[in-house]
Structures are given as C-alpha cells and as structure tokens.
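Hi there,

Here is the structure I promised to pass along, and my notes follow just below it. Have a look at it first, then read on at your leisure.

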Amino acid sequence: MDLTDAVRILLTRTANEGALPLELVSHSEAYDAWFRAKVLQALEDTRPDVDDADADAHFRVRRAAALRKAMAGDR
C-alpha cells in the first residue's frame with residue numbers, strides 16, 4: 001500500500017464514520033497521561049538554566065566538528 005492509498009482509506013473511513021477511525025484515537029487517554037507526566041517532569045527539573053551564550057558556544061563547536069567531518073568525507 002502506498003501513501004496515496006493509505007490517505008484515501010483514512011479519508012473515506014473518516015467521512016463514512018463521521019470521525020477519525022477509533023483505533024487512531026483509542027490511545028488518546030494514555031498519550032494524555034504520558035504527556036502530562038512529561039510536562040510535570042520538565043517543570044520539576046531543578047537543573048540550572050542554560051545560558052544562551054553557553055548554548056551558542058556549544059553548538060558552534062558541534063557545527064565546526066560536523067563541517068570538518070563532512071569536508072573530510074569529500075576527499
């Protein structure tokens with residue numbers, strides 16, 4: 001089955017049932033509980049905030065290393 005067939009089936013079932021197929025929404029409560037737990041975990045995180053300058057420096061080093069690796073692969 002290709003993407004076009006899958007989308008056509010999904011849209012046909014949605015039109016016929018008047019809602020998303022049940023199997024696509026049946027786990028919504030489990031997802032909602034998981035998402036809420038992740039939000040609470042992030043709010044309770046006591047690690048210090050990252051300074052923007054520190055983050056910029058960190059990713060500058062990572063970008064330079066990736067560029068060096070990419071350039072070495074071109075040879």
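Before the details, one cut-off will help: a residue is called buried when its relative accessible area is under 20%, exposed when that value is over 50%, and partly exposed in between. Asp5, with 27% relative accessibility, therefore counts as partly exposed. Please keep in mind that this is a predicted model.

Let me begin with helix H1, which covers residues 3-17. Its 15 residues, at 1.5 Å a residue, should span 21 Å, and the C-alpha atoms at its ends are indeed 21 Å apart, so expectation and model agree. Just after H1 comes Gly18, with a positive phi of about 75°.

Asp5 also has a partner: its side chain meets that of Arg8 in a salt bridge, at 2.5 Å from N to O. The two sit 3 residues apart in helix H1, which means that about one helical turn separates them. In general, an α-helix has 3.6 residues a turn, so residues three or four places apart point the same way. Arg8 is partly exposed as well, because its relative accessibility is 46%.

How many salt bridges does the model contain? The count comes to 4. Besides the pair in H1, I would point you to two others.

One of them joins Arg36 and Asp32, whose side chains meet at 3.0 Å, N to O. Here the spacing is 4 residues within helix H3, so Arg36 and Asp32 are again separated by about one helical turn. Arg36 counts as exposed because its relative accessibility is 54%, while Asp32, at 33%, counts as partly exposed.

Another salt bridge is formed by the side chains of Asp45 and Arg47, with an N to O distance of 2.6 Å. Asp45 has 34% relative accessibility and so is partly exposed. Arg47 reaches 63%, which means it counts as exposed.

Now to the surface. Which residues form the nonpolar patch there? They are Tyr31, Trp34, Phe35, Val39, Leu40 and Leu43, and together they have about 650 Å² of accessible area. Val39 belongs to helix H3, which runs over residues 28-43. With a relative accessibility of 36%, Val39 counts as partly exposed.

There is a charged patch too. Asp51, Asp52, Asp54 and Asp56 make up a negative patch on the surface. Asp56 is placed in helix H4, residues 52-73. Asp56 is partly exposed, because its relative accessibility is 46%.

Finally, two distances may help you find your way around when you turn the model on screen. Ala72 lies in helix H4 and, with 46% relative accessibility, counts as partly exposed. From Ala72 to Ala6 there are 66 residues in sequence and 42 Å in space, taken from C-alpha to C-alpha. Arg13 is a residue of helix H1, and its relative accessible area of 29% makes it partly exposed. Arg13 and Ala66 are 53 residues apart along the chain, and their C-alpha atoms are 46 Å apart.

If you would like somewhere to start looking, try the Asp5 and Arg8 salt bridge in helix H1, then move on to the nonpolar patch that includes Trp34 and Phe35, and end with the negative patch that includes Asp51 and Asp52.

Happy browsing, and all the best!

Methods. Residues numbered from 1 in each chain as written. Predicted model: local features only at pLDDT ≥ 70, side-chain atom pairs only at ≥ 80, totals over all residues. Heavy atoms only, no water. Patch = residues over 30% accessible without salt bridge, like charges linked within 9 Å, V, L, I, M, F, W, Y side chains within 5 Å. Areas by Shrake-Rupley, 256 points an atom, 1.4 Å probe, with all protein chains shown as cover. Buried < 20%, exposed > 50% of the residue type's maximum accessible area, 1.4 Å probe, protein only. Expected span 1.5 Å × (residues − 1). Lys, Arg positive; Asp, Glu negative; His and termini not counted. Charge placed at Lys NZ, Arg CZ, Asp CG, Glu CD.
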